[in-house]
Amino acid sequence: MVINTSQMTLLLLLCLLGVASASTSNEESFIGVNIGTALSDMPSPTQVVALLKAQNIRHVRLYDADRAMLTALANTGIHVTISVPNDQILGIGQSNATAANWVSRNVIAHVPATNITAIAVGSEVLTTLPNAAPVLVSALKFIYSALVAANLDAQIKVSTPHSSSIILDSFPPSQAFFNRTWNPVMIPLLKFLQSTGSHLMLNAYPYYDYIQANGVIPLDYALFQPLQPNKEAVDANTLLHYTNVFDALVDASYFAMSELNFTNVPVVVTETGWPSKGDSNEPDATTDNANTYNSNLIRHVLNNTGTPKHPGIAVSTFIYELYNEDSRPGPVSEKNWGLFDENGVPIYILHLTSAGTVLANDTANQTFCVAKEGADPKLLQAALDWACGPGRVDCSPMLQGKPCYEPDNVIAHATFAFNSYYQRMAKSLGACDFKGVAAITTTDPSHGSCVVLGSVGRNGTFTNTTSLAPSSNSTTTSGCPVPYSAPVGAGSFTASLIMCILVVSMMAL
């Protein structure tokens, strides 16, 4: 086939449009965390934000709209879901003016500096505060109207989290339906979510399903552990195979919405997790089980696996929760859902191997990049200059008077810069080479007050980060540093673009 220049241009444009469409058709799943406040010694907002940054957590849900916390989150880029507490729903649901005032004080006063992206109106209102149910949808509509008036409705979604217990007959998922007692609320609620492009917020706890099943649900099925094919749960109506409780709960919500003729409202899991400690009658609330559940959950969500009903469709999820809440009433397990204690020390080290993912603080993969002993000082200096320049490493800690200035020699400074680049590149293949003058080690090169990236600091918090934002001393504006021999993987859009060009070029031959 021979095509002329005009035809080639048209084909390339059509191909690019297809690539762009494919690249935006499905949003990426994210992992976020809930931040409770029932701690006897609650960390300050600045300490909370420091932990979020150190753990590369980019999405958080607050159970209120605390002014100090929202101020601390300003200019971080972290996506924030704020909440209308349950005790304010009756007032907001009966007064447009009250809702507008709430939005003015808790939203307009903080955006755009604080990246508020969603408002959760109450929490499990139907099951914990049923007397507010008649005004719940009105509360959402009044909040939304105030956002429209402020021209913030495109940026901030409005919804309300539900307990999965409002879904009856949840397995097989295809038979699931919402408790019909709540249809007078759920139908207008789903109409609102559909018309505003918002999500159904679901609190899904496989831990409770497992406990309440009295041995019917295998522990491995609740923990996302691999199952033999003959052990997988099969929905007889759809023949879909379920390898974990989480997916079954999410799909049950999709089928329950379908039963009410709503098929295009996406689901966000606003709470899920596993307690790390329990009473004597809670034997499965253990550190190992909590670690297994949350580690597998993070991998499952970030892989954009989707669910059997909607494979590849994002199921963004908030882990319950960031901190243990020692002041929370109830059994021991209620106090021990957190990933960290009040000092920011991990309750357990998640089984994650990629430093590029949220909460990837696994010491099993704790490696560092250091300058090779005996390397040519001139080559070290050249590599150091590249790392602090085009490599966009923040080398300010090595300035005189800063923690990593001493010892003032090229080996120590190169080690700091090489490791910073290596950690920020998610320890990718080739990110620790620098023309042969760098090497990977499991020995932490931190010394004194100089704590390098990827290290466990003296306060027990991790300094891992994978932000690729240019450092203040960067000398490049390209946004695409290419190290001496560190390949940077092309994204799916770039790969598709290359394929387009190749295909069109071949057609022109």
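**Exercise 1. In which sense do strand E12 and strand E13 pair, and over how many bridges?**

Solution. The structure is a predicted model. Begin with the residue ranges: strand E12 covers residues 267-272, and strand E13 covers residues 317-319. These strands pair in the parallel sense, over 2 bridges. Next, locate a specific partner: Val-269 has Thr-317 in E13 as its bridge partner.

**Exercise 2. Place this pair in its sheet and explain why strands E5 and E6 each have one side without a neighbour.**

Solution. First, write down the strand order, which is E5-E4-E3-E2-E1-E13-E12-E9-E6 in an open sheet of 9 strands with parallel pairing. Second, inspect the edges, where strand E5 (157-159) and strand E6 (161-163) stand. Each has a single partner strand, so one side of each is left without a neighbour in the sheet. Third, add the geometry: from one strand to the next, the twist averages 25 degrees.

**Exercise 3. Identify the strands that helix H11 lies across.**

Solution. Helix H11 spans residues 245-259. The strands beneath consideration are E9 (200-203), E12 and E13, and H11 lies across them. Relative to E12, the helix runs at about 135 degrees.

**Exercise 4. Determine whether Tyr-208 is buried, partly exposed or exposed, and describe its surroundings.**

Solution. Tyr-208 belongs to helix H9, residues 206-212. Its relative accessible area is 28%. Because partly exposed denotes the range between under 20% (buried) and over 50% (exposed), Tyr-208 is partly exposed. Leaving aside residues up to four places away in sequence, Tyr-208 touches Glu-334 and Trp-337. Finally, consider Ala-222, 14 residues from Tyr-208 along the chain: the C-alpha atoms of the two residues are separated by 9.6 Å.

Notes
Residues are numbered from 1 along each chain as its sequence is written. This is a predicted model: local features need pLDDT of at least 70, side-chain atom pairs count only at pLDDT 80 or more; totals for chains, interfaces and linings use all residues. Side-chain values use heavy atoms; hydrogens and water are left out. Two strands pair if DSSP finds at least two bridges between them. Helices (H or I, at least four residues) and strands (E, at least two) are DSSP runs, numbered from the N terminus. Axes are lines fitted to C-alpha atoms, for helices over the stretch in contact, and angles run from 0 to 180 degrees between N-to-C directions. Contact means heavy atoms within 4.5 Å. Buried means under 20% relative accessible area, exposed over 50%, partly exposed in between (1.4 Å probe, protein chains only).
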